[in-house]
Amino acid sequence: MRIIFTLILIIAATSFNAYGNDKIVQMMEGEARAGLTLPLGSYHDGKSQISASLGLEGRYNFKGTPWDCGLMLDLSTARRGYEHLFNDGYDRWQSNRTLAIAAVGDYNFKQGTKINPFVGTAIGVAFNDVVGDEYFPSKGTAMLFAPRIGVELLYHFRISAQFNICRKGYNNVSVNIGFVLGGRPKKTK
């Protein structure tokens with residue numbers, strides 16, 4: 001939560017001169033990202049453990065505006081430890097995995113600059129299942145709501161935090177580092 005609060009402060013501090021630039025960026029951009037997750041909320045008295053996330057995204061930048069939209073494919077997990085319930089000396093944990101396909105939209109505070117804070121959200125469908133050991137089996141499909149915040153650095157790197165909210169036991173927060181191709185300022189002639 002401190003990381004997310006710090007990102008919010010950075011965005012607030014750098015966005016007072018929000019969208020006054022005249023830079024036109026390339027229409028399309030793609031992103032590949034990886035990061036760490038932490039479960040949100042409790043689930044069968046499990047102890048929260050750090051896990052992983054992966055994502056791919058394609059975005060369209062609307063000309064002359066700070067807005068973009070696109071599609072996201074995201075894989076995240078909410079991992080919890082249950083060794084305290086069994087007291088047998090084994091490392092027992094369960095990973096609740098979410099594969100999400102969603103529409104995304106972002107507002108870029110300083111699009112086309114080397115430091116571009118953004119906020120956005122994704123809405124779509126989440127496919128939930130348990131991978132590995134199943135102490136509390138569950139499976140299903142749910143709606144995904146994923147608000148996010150971050151900053152794009154040097155046109156190619158993104159650091160972001162995203163809340164993946166879809167179903168009890170599967171909700172998590174992910175902190176990601178991404179690599180972006182496209183979306184750079186267009187070269188002037």
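**Strand pairing and a buried charge network**

In the hairpin formed by β5 and β6, six residues lie between the strands, and G112 adopts a positive phi near 85°. The model is predicted. Strand β5 covers residues 93-108 and strand β6 covers residues 115-131. The two run antiparallel and are joined by 14 bridges. One pairing involves Y107, whose bridge partner in β6 is V119.

Strand β6 also pairs with strand β7, residues 139-153. Here too the strands run antiparallel, and 15 bridges join them. Within this pairing, N116 stands opposite E152 of β7. Strand β6 is thus named in two pairings, with β5 and with β7.

The protein as a whole contains two helices and nine strands. From the N terminus, the order of elements is α-β-β-β-β-α-β-β-β-β-β. Of its 189 residues, 45% are buried. Contacts between residues at least 6 apart in sequence were examined for their span; 63% of them join residues at least 24 apart. The accessible surface amounts to about 10,000 Å². Carbon and sulfur atoms account for 66% of that surface.

Charged side chains form a further feature of the model. Twelve salt bridges are present in the structure. A network of salt bridges links E29, E31, R33, E57, R59, D74, D106, R148, E152 and R158. E152, a member of this network, is also the residue of β7 that N116 faces.

R33 takes part in two of the salt bridges described here, one with E31 and one with D74. The side chains of R33 and E31 meet with an N to O distance of 3.9 Å. Both of these residues are buried. For D74 and R33 the N to O distance is 3.2 Å. This pair links distant parts of the chain. D74 lies in strand β4 (residues 67-81) and R33 in strand β1 (residues 28-39), 41 residues apart. D74 counts as buried because its relative accessibility, 3%, falls under the 20% cut-off. R33 has a relative accessible area of 6%, so this residue is buried as well.

A second long-range pair joins D106 and R158. Their closest N and O atoms are 3.8 Å apart. This salt bridge, too, connects distant parts of the chain: D106 belongs to strand β5 and R158 to strand β8 (residues 157-164), 52 residues apart. Both D106 and R158 are buried.

E57 is another charged member of the network. This residue lies in strand β3, which spans residues 51-61. With a relative accessible area of 6%, E57 is under the 20% limit and is therefore buried. The side chains of E57 and R59 are joined by a polar contact of 2.7 Å. Leaving aside neighbours within four places in sequence, E57 is in contact with E29, G30, E31, R33, L71, M72, V104, D106, R148 and R158. Several residues of this list, including E31, R33, D106 and R158, also belong to the salt-bridge network. The contacts of E57 thus include both partners of the R33 and E31 salt bridge. They likewise include both partners of the D106 and R158 salt bridge.

Note on methods
Residues numbered from 1 in each chain as written. Predicted model: local features only at pLDDT ≥ 70, side-chain atom pairs only at ≥ 80, totals over all residues. Heavy atoms only, no water. Pairing = 2+ DSSP bridges. Helix = DSSP H or I, 4+ residues; strand = E, 2+ residues; numbered from the N terminus. Buried < 20%, exposed > 50% of the residue type's maximum accessible area, 1.4 Å probe, protein only. Contact = heavy atoms within 4.5 Å. Areas by Shrake-Rupley, 256 points an atom, 1.4 Å probe, with all protein chains shown as cover. Polar contact = N/O pair within 3.5 Å; in protein donor to acceptor, adjacent residues only side chain to side chain. Salt bridge = Lys/Arg side-chain N within 4 Å of Asp/Glu carboxyl O.
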